[in-house]
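Hi,

Here's the structure I promised to pass on. Have a look at it first, then read my notes underneath.

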Amino acid sequence: MTPGEQLRQIANAVNGSTLLGLLLAGAARTSVSAGPAGLLVACDYRWRLPVARAFTVGNVVLFRAGRAEALADRVLLGHEARHCTQYAWCLGVPFLPLYFVAAAWSLWRTGNPGTGNVFERHAGLRAGGYPEPGIRPSDPDPRPEDPFAPDHYEV
Ligand SMILES: [Zn+2]
């Protein structure tokens, strides 16, 4: 874990947002386990809302998929990790009303909750499954990346 990821983990523990995520994960009867970068991965989320493959509360990333599939989707996991960082910058729970205002703005301006949403833009629109302005969703991703890949490889 990098110092920044550790700081994020501590910030979201102190601000209570990770506790809120764990309470939600428990209420939804997901299975929670440690993931990369100090994240907690909650799998097999079955509630109807939100309509998303994954979403984040504090340092808890809740996936509809099972653990193996969730951890294999490094691009989506990286997107959700950026939301974890946003929680820390917003001092935890205030992220939620700020996010909903940004989503409403985006919906009004672009017709979907992500394209014009500053939080989704920062987390990566394509990685989160949102259309980028001027790019069709069916176009290949020009920037495939593994956000958890090490900066360098030992030989
Ligand atoms: Zn997102």
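Below is what I found in it, starting with the sheet and moving on to the helices.

Two things before you dig in. Residues are numbered from 1 along each chain as its sequence is written. This is a predicted model, where local features need pLDDT of at least 70, side-chain atom pairs count only at pLDDT 80 or more, and totals for chains, interfaces and linings use all residues.

Let's take the sheet. It is an open one with four strands in the order S1-S2-S4-S3, and the pairing is mixed. Helices (H or I, at least four residues) and strands (E, at least two) are DSSP runs, numbered from the N terminus; two strands pair if DSSP finds at least two bridges between them. Strands S1 (31-34) and S3 (54-57) sit at the edges with a single partner strand each, so one side of each has no neighbour in the sheet.

S1 runs antiparallel to S2 (residues 40-43), joined by four bridges, and Ser31 stands opposite Cys43 in S2. S3 and S4 are also antiparallel, again with four bridges; here Thr56 has Val61 in S4 as its bridge partner. These two strands make a hairpin with two residues between them, and Gly58 in the turn has a positive phi of about 65°.

Which way do the residues of S3 point? Ala54 and Thr56 go one way, Phe55 and Val57 the other, and all are buried (buried: 20 or more other C-beta atoms within 10 Å of a residue's own; exposed: 12 or fewer; partly exposed: in between; C-beta atoms are placed from the backbone).

Now the helices. H2 (residues 17-27) lies across S1, S2, S3 and S4 (60-63), at about 25° to S4. H4 (residues 74-89) packs on the sheet too, touching S3 and S4 and making about 25° with the direction of S3. For these angles, axes are lines fitted to C-alpha atoms, for helices over the stretch in contact, and angles run from 0 to 180 degrees between N-to-C directions. Contact means that C-beta atoms, placed from the backbone, lie within 7 Å.

In H2, Ser17, Thr18, Gly21 and Ala25 are buried. Seen down the axis of H2, the buried residues fall within an arc of 100° (taken from the directions from the helix axis to the C-beta atoms), so they line one face of the helix. On the other side of H2, Gly26 and Ala27 are exposed.

Cheers

Methods:
Contact = placed C-beta atoms within 7 Å.
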